[in-house]
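Trainee: Could you take me on a close look at the ligand site of this model? I'd like to see how its surroundings connect to the rest of the fold.

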Amino acid sequence: MVEDSGRFDALLQEDRTFPPSEAFKTQANISDPNIYEEAKRDPEAFWAKFAEELDWFKKWDTVLEWNPPHAKWFIGGKLNVSYNCIDRHLTTSRRNKAALVWEGEPGDRRVYTYWDLYREVCQFANGLKSLGVKKGDRVTIYLPMVPELPIAMLACARIGAVHSVVFGGFSAESLRDRINDSESKILITADGGYRRGGIVPLKQNADDSLKNADGQGNGAPSIEKVVVLRRTESADDKMVNGRDIWWHDLMQGQPLTCEPEQMDSEDMLYLLYTSGTTGKPKGIVHTTAGYLLGTYATFKWIFDIKENDTYWCTADIGWVTGHSYIVYGPLANGATSVMYEGSPDFPERDRFWDIVAKYGVTILYTAPTAIRTFMRWGESYPQKHDLTSLRLLGSVGEPINPEAWMWYHEYIGGGNCPVVDTWWQTETGSILIAPLPGITTLKPGSATRAFPGIEAEILDDQGNSVGPGGGGYLTIKKPWPSMLRTIYGDEERYVEQYWSRYPDIYFTADGAKLDDDGDFWLLGRVDDVINVSGHRIGTMEVESALVDNPKVAEAACIGKSHEIKGQAVVAFVTLKDSVAISDAIITELKAHVATKIGAMARPDDIIFAAELPKTRSGKIMRRLLRDVAEGRALGDTTTLADPAVVDSLKEQYGEEE
Ligand code: WT7
């Protein structure tokens, strides 16, 4: 039922356990295990109590209105996210505390106190207003990992504009699609960003995205102005008259204060595009109060944040992890959040450990793919640095294999930092399954249990609850504050994607198992989404990119397990009749996908096939392709139109390797 579950069986034989130490328990933000029962008894009361910790212009009238599949939280409440992340700290001893500690890849450094952040956000918010941005308008942000990225997000939140951050690794074409789907008025970008010693040409991509695919005309007619940050001094001659305006020019003379817009609890905060099972990315809609509460609460309890912590999440803000756990969760808690622009191996493979030691990072949140890369590079890099400031470690983005968990615990955490494996999605807004480090007994490879107030359950095909020892589909049975509200402009897809598999129950599209203690073990996606280094890639997106090449007749993509990346993209391609197979075509097609989508979608392998295996009704049999790619025994092929196709594929793939 759950595809590929066989290869995860080993997980459940993992029996090492790590109960919280007395020392950790004593100081933890939450250490009373009764909280789970209490929250379960009355989730609304639980969330409402937590919501008291936020700052409201006007308190809510009703905690939850649930008309499946539509939830409204804290109805009637008025608040502002930027006010909660900045202003409210200014009247406390946090006023001059570091909010953002930033390091650029070339080694340049900047620190913003909460007061600094207040000034910059207000000025930029006024700048946006001067460009005509109003409450509800969409603003696309395509920036490198520089402080201006969170500043731009918070400025949007301050004036009630909806931000849509597009990861800097996405291509011009992906950027264009996202701008057009959101009908953004403003695009905020930079001339470039630094990555692995080179410059990512963001302005060039932005310019290309605003033309049509053929390089002509206006490809994104909703855009009125482009704000350009000077970072790499690589596009000074590329400013388009009347359309482009430098960030520093826009800031010039803007007032230092900007009244925060009184937002409704359910007003949209942001849009973030993510991949699904079709070729078209989904604009996930998050709203104000529920999202803020979800990130605030989970950050406080799962990362056990304290006033003196220095917290570093290594994700890019272009993904939801960065939104929730570099920007909103940490700042709402008044924490110090470290941001790093570049790659972990520049100039050397010890850059992360250099940063941890230099800033005295106490809490580190990173991804299994990074941990496995560090394992491969060897212990000598972390051992060169004093990592004893660390007290808590987090993991996110994909299942963490027990070996990587143990290595992280041992070599980065020095054997005495709890490791919190956090399961969640762009759609969930905040972490839903993770240990509470002052309560939960950790198990390498398990995200353990649902956050208080969250009802997670594993269901079988028929919708029956799966008991201890069983596997099935992970679902969430009750609405939660930071859940997505819809897919932007595609209500039907929202219902169909998340709420139709089981009526009125949220379908995660992840497989999971439950162990005898009731702990969750995540098994990966069960839909046509590939998780490459913790990045979601839709198979259909890669397939459309491939067939866009005039030499390709047909393409089918699957995810294959990969030692470092978790999964890698493998593409099966049928070329047009007149086209001969060659190494040059392989290179061309891989490059084509990178140009169309972004480098992270580049297939590792391209396998040519005279025909793709299809059912009699014409559906491509991806399961078979996966079996071929993984070298597994083939499953049932009786529905296959021409069984010989598989054999010839198998033969060829064998030759490839
Ligand atoms: C998918 C969501 C959540 C922020 C980063 C990714 C996988 C995420 C875990 C984890 C096992 C995980 C799931 C999920 N995933 N965290 N701790 N253990 N799998 O967000 O791009 O929306 O991807 O990432 O498959 O569905 P995303």
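Mentor: Happy to! A nitrogen atom of the ligand lies 3.3 Å from a polar backbone atom of E398. Another backbone contact is made by T422, where a polar atom sits 2.7 Å from a nitrogen atom of the ligand. On the side-chain front, an N or O atom of R536 is 2.8 Å from an oxygen atom of the ligand. Keep in mind that this is a predicted model. In total 17 residues surround the ligand, and the ones that come nearest are D421, T422, T426, D510 and R536.

Let's stay with R536 for a moment. R536 belongs to strand β26, which covers residues 535-538. Is R536 buried or exposed? R536 counts as buried because its relative accessibility is 14%, and the cut-off for buried is under 20%. Besides its link to the ligand, the R536 side chain makes a polar contact of 3.3 Å with the side chain of T274. A polar atom of the same R536 side chain also lies 3.0 Å from the backbone oxygen of S275. Leaving aside residues up to four places away in sequence, R536 touches T274, S275, K282, Q425, T426, E427, R525, V529 and I530. T426 is therefore a residue to look at twice: R536 touches T426, and T426 is among the residues that come nearest to the ligand.

E398 leads us to another neighbour, G566. Not counting residues up to four places away in sequence, G566 touches E398, along with R372, N531, K560 and S561. G566 is found in strand β28, residues 566-575, and is partly exposed, with a relative accessible area of 21%. G566 also shows how the chain folds back on itself: G566 and P368 are 198 residues apart in sequence, yet their C-alpha atoms are 8.2 Å apart.

Now follow T422 into the sheet. Strand β20 spans residues 419-422 and is an edge strand, as is β5 (109-113); each of them pairs on one side only. The open sheet has seven strands in the order β5-β4-β17-β16-β18-β19-β20, with mixed pairing. From one strand to the next the twist averages 20°. Within this sheet, β16 (residues 310-313) pairs with β18 (residues 363-366) in the parallel sense over three bridges, and the bridge partner of Y311 is I363 in β18. Helix α12, residues 351-359, lies across β4 (98-103), β5, β16, β17 (336-340) and β18, and runs at about 145° to β4.

T274 opens a route to another helix. Strand β14 (268-274) is one of the elements against which the buried residues of α7 pack; the others are β6 (138-142), β8 (186-190), α8 (202-209), α17 (539-547) and α18 (583-596). In α7 itself, residues 172-182, the buried residues are A172, S174, L175, R176, R178, I179 and S182. After α7 comes E183, whose phi is positive, near 50°.

Finally, a word on confidence. The protein chain averages a pLDDT of 95, and 96% of the residues score at least 70. Residues 1-8 fall below 50, although this stretch has 18 contacts in the model beyond near neighbours in sequence. Where pLDDT is low, the predicted coordinates should not be read in detail.

Methods: Residues numbered from 1 in each chain as written. Predicted model: local features only at pLDDT ≥ 70, side-chain atom pairs only at ≥ 80, totals over all residues. Heavy atoms only, no water. Pairing = 2+ DSSP bridges. Helix = DSSP H or I, 4+ residues; strand = E, 2+ residues; numbered from the N terminus. Axes fitted to C-alpha atoms, helices over the stretch in contact; angles between N-to-C directions. Contact = heavy atoms within 4.5 Å. pLDDT = per-residue confidence, 0-100. Buried < 20%, exposed > 50% of the residue type's maximum accessible area, 1.4 Å probe, protein only. Polar contact = N/O pair within 3.5 Å; in protein donor to acceptor, adjacent residues only side chain to side chain. Near = heavy atom within 4 Å.
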